[in-house]
Amino acid sequence: MTNAQITLIQIDNYGPWTVTPEPRREVDLQTLQSRLYADLSQLVGNREGYVFFTRFDNMIAVTNGMDEADHALVQESVANRYPVTVSLGVGVDPSPVEALSAGTEHIQDAGSAQEADRTEILRGRTLDPDERTDDDVQIAHFDVNDATGKYTDQMNAFDSFIHIEQGYAELMQYMRRAHDALSFFVGGDNVIAVCPDLDVPAYEDAIRHVRDTVEVELKVGVGQAADPQTAGMAAKHALEECRDDGDRVVID
């Protein structure tokens, strides 16, 4: 039985900050966002979690194994390095979607993302050590079949990107709608999904849906563990088994 701990990371007062005292150069904003994501990825990753960039001003983290003090240290580190601060809302649920919804509500209840006095909110609950199990986190690592041969080596870079994004968008929507999973594009032709306790038929269903809808062929390796990093590495090894054996789904 999974029990996902999901943290919403939201930059405080970001919209007004980008135009005060006058509009800031987009290149500078893009640089700040990408550096903040990289730092958050390392800060959370060093604690066995994952961060996904989504819209950059809002990022989603899988934080099983991190307690409230760990979250507070992440906020402190960001405040010491950047001209912006972040608020964190944490939710726990067997469904990753429901866990994210709970974390989101904690931040929204504290005020608008564009209120100057709503800063460094830290609300929600983390899993107590005695609540944690070896099966709390299920991570699925999806990969496009022969993306290099079909797209990278055949099309211009933008058209190749469109095909990959179409597959990702369809997978993201279907996994959320049908299976309460959160799926994130992580570069190249890779998508990582944080899932409830799904079995092989559920993943076969998602792969079939994407193939039939947008004609993108996928395979997936799945890992399950007490923390995101361990589950993610198991998923990577399972994906390599897919490549070696020609399977579409391998659950480690």
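This passage goes through a sheet and the helices around it in a predicted model.

The sheet is an open one, built from five strands in the order 7-8-6-9-10, and the pairing is mixed. Strand 7 (182–185) and strand 10 (249–251) sit at the edges with a single partner strand each, so one side of each has no neighbour in the sheet. Going from one strand to the next, the twist averages 15 degrees. Within the sheet, strand 6 (residues 137–144) pairs with strand 8 (residues 190–195) in the antiparallel sense, and six bridges hold the pairing. Take Q138: its bridge partner in strand 8 is C195.

As for the helices, helix 8 (residues 228–245) lies across strand 6, strand 9 (218–225) and strand 10. Relative to strand 9, helix 8 runs at about 145 degrees.

Helix 6 (residues 157–179) and helix 7 (residues 200–214) make up a helix pair, with axes that come within 10 Å and cross at roughly 135 degrees. That angle is why helix 6 counts as oblique to helix 7. The crossing itself is right-handed. On the helix 6 side, the contact is made by Q166, G167, E170, L171, Y174, M175, R177 and H179. Facing them from helix 7 are A202, Y203, D205, A206, H209, V210, T213 and V214. Sorted by class, the contact between helix 6 and helix 7 comes out at eight nonpolar, five polar and three charged residues.

Definitions and conventions. Residues numbered from 1 in each chain as written. Predicted model: local features only at pLDDT ≥ 70, side-chain atom pairs only at ≥ 80, totals over all residues. Heavy atoms only, no water. Pairing = 2+ DSSP bridges. Helix = DSSP H or I, 4+ residues; strand = E, 2+ residues; numbered from the N terminus. Axes fitted to C-alpha atoms, helices over the stretch in contact; angles between N-to-C directions. Contact = heavy atoms within 4.5 Å. Parallel < 35°, antiparallel > 145°, perpendicular 65-115°, else oblique. Left-handed = near helix turned anticlockwise from the far one by under 90°. Nonpolar A, V, L, I, M, F, W, Y, C, P; charged D, E, K, R; others polar.
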